[in-house]
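Here is a short report for someone meeting this structure without background. Please keep the sequence and the 3D view open while reading.

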Amino acid sequence: MQTILGANGQIGEELARELKRNFTSDIRIVSRTAKKVNETDQVFAADLTDRQQAIEAVKGSEIAYFTLGLPISSELWEEQFPLITKNVIDACKIHGTKLVFFDNTYMYPQDGRPLTESTVFAPVGRKGKVRKKMAEMVLKEMQSGELEAVICRAPEFYGPGKTQSITNTLIFDNIKEDKKLKVPLRADRKRSLIWTPDASRATALIGNTPDAFGQTWHLPVDQNHPTYSQFIALASEIYGKKLTYSVVPKLAFKAGAWFNNRVKELQELLPRYEHDNIFDDSKFRNRFPDFEVTTYRKGMEQIRKEQLSAQK
């Protein structure tokens, strides 16, 4: 059996579909309010801050995927994420379960250097420090040999369904609502964004590749690395209309932080929008050359199709 911990977010749902398509029908869905993704799924409601519930959630699993997310609150992250990570690690060690840890890039420096699997951790802000701590907990167990684990790391998302990201919010949500698009800080810096279904497909593939364990993997992205101005120009072509945008300066984000807690929580991510943010996935591409990465064009076409369908 393969178990998805935190299974009802976008990554977890896509992962459940991919596992069913290509690897196994024996899937357990775990979250506080667990819901089936595939008809054959087993559901298990659990609060993973409770060690015993985490142990029960993982029991009987060959592989457990950590895809759990929390609301974007530094306080909540500091309080719950390290505890949940420890509980999941303990549960996997008790049951001899392999751990696939889905990670983000918050712990990386935000200064324009290309990001590889060997980039040193240099977090900016409280949430980055939490993600650093979590990743280091998994790395320590991997290096000790007490846990068979692998880290799958993804940059900022864009995608269909309930994908949550700055890009989805400021670009595609505004297109849907026929509003002027917004770009954080700079429109002329190169970006790496990952299509959420690709992130889930690649995670499933790594989780079912025995020799991939004991390592960190950057998940695959379209290699074009467009600037936001290029990204929006492509969207204009696909949507068949001229999409205009404004660049939101740092001062506006600082002012907004006084009135909007979500904007306040995003402050620590802003430096990455001042610089090129290139995510190097060459290790994955060399190991899995047949993996088909979704191009930005294809991804945008799918988002547009989904939006049009929702309007009918």
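What follows covers aromatic pairs, charges over rings, one helix contact and a few loop residues.

The model is predicted. Its residues are numbered from 1 along each chain.

**Aromatic pairs**

Start with the rings. The count comes to 16 aromatic pairs. One of them joins Phe102 and Phe157. Their ring centres are 6.3 Å apart, and the planes stand at 45°. The pair is tilted because a plane angle from 30 to 60 degrees is neither stacked nor edge-to-face. Phe102 sits in strand S5, residues 98-103. Phe157 belongs to strand S7, residues 157-158. The two are 55 residues apart, so this pair links distant parts of the chain. Phe102 is buried, at 9% relative accessibility.

A second pair is formed by Trp217 and Phe288. Here the centres lie 5.8 Å apart and the planes meet at 55°, so this pair is tilted as well. Trp217 is in strand S10, residues 216-218. Phe288 is in the loop between helix H11 (282-287) and helix H12 (296-311). The pair ties together parts that are 71 residues apart in sequence. Trp217 counts as buried, with 3% relative accessibility. Phe288 is buried too, at 8%.

Ring pairs also build a cluster. Its members are Tyr158, Phe172, Trp195, Tyr228, Phe231, Tyr273 and Tyr296.

**Charges over rings**

Which rings have a charged end over them? Trp217 is one: the charged end of Lys283 sits over its ring, 4.4 Å from the centre. Phe81 is another, with Arg131 over its face at 5.1 Å from the ring centre.

**Two helices in contact**

Two packed helices are described by the angle between their axes and the distance between the axes. Helix H5 spans residues 166-176. Its axis and that of H12 come within 10 Å. They cross at roughly 40°. The crossing is right-handed.

Which residues make the contact? From H5 come Phe172, Ile175 and Lys176. From H12 come Met300, Ile303, Gln307 and Gln311. By class, four residues are nonpolar, two are polar and one is charged. Phe172 thus appears here and also in the ring cluster.

**Loop residues**

Most residues other than glycine have a negative phi. Asp178 has a positive phi, near 60°. His225 also has a positive phi, of about 45°, although it is not a glycine. Are these two residues buried or exposed? Asp178 is exposed, whereas His225 is buried. The table adds their places, together with that of Ser61.

| Residue | Loop | Relative accessibility |
|---|---|---|
| Asp178 | between H5 and strand S8 (181-184) | 64%, exposed |
| His225 | between S10 and helix H7 (228-239) | 11%, buried |
| Ser61 | between helix H2 (51-58) and strand S4 (63-66) | 5%, buried |

Asp178 counts as exposed because its 64% is over the 50% cut-off. Ser61 counts as buried because its 5% is under 20%.

What does Ser61 touch, leaving aside its neighbours within four places in sequence? It is in contact with Met1, Thr3, Arg28 and Thr97.

Notes
Predicted model: local features only at pLDDT ≥ 70, side-chain atom pairs only at ≥ 80, totals over all residues. Heavy atoms only, no water. Phe/Tyr/Trp six-rings, centres within 6.5 Å; stacked < 30°, edge-to-face > 60°. Helix = DSSP H or I, 4+ residues; strand = E, 2+ residues; numbered from the N terminus. Buried < 20%, exposed > 50% of the residue type's maximum accessible area, 1.4 Å probe, protein only. Lys NZ or Arg CZ within 6 Å of the ring centre and 35° of its normal. Axes fitted to C-alpha atoms, helices over the stretch in contact; angles between N-to-C directions. Left-handed = near helix turned anticlockwise from the far one by under 90°. Contact = heavy atoms within 4.5 Å. Nonpolar A, V, L, I, M, F, W, Y, C, P; charged D, E, K, R; others polar.
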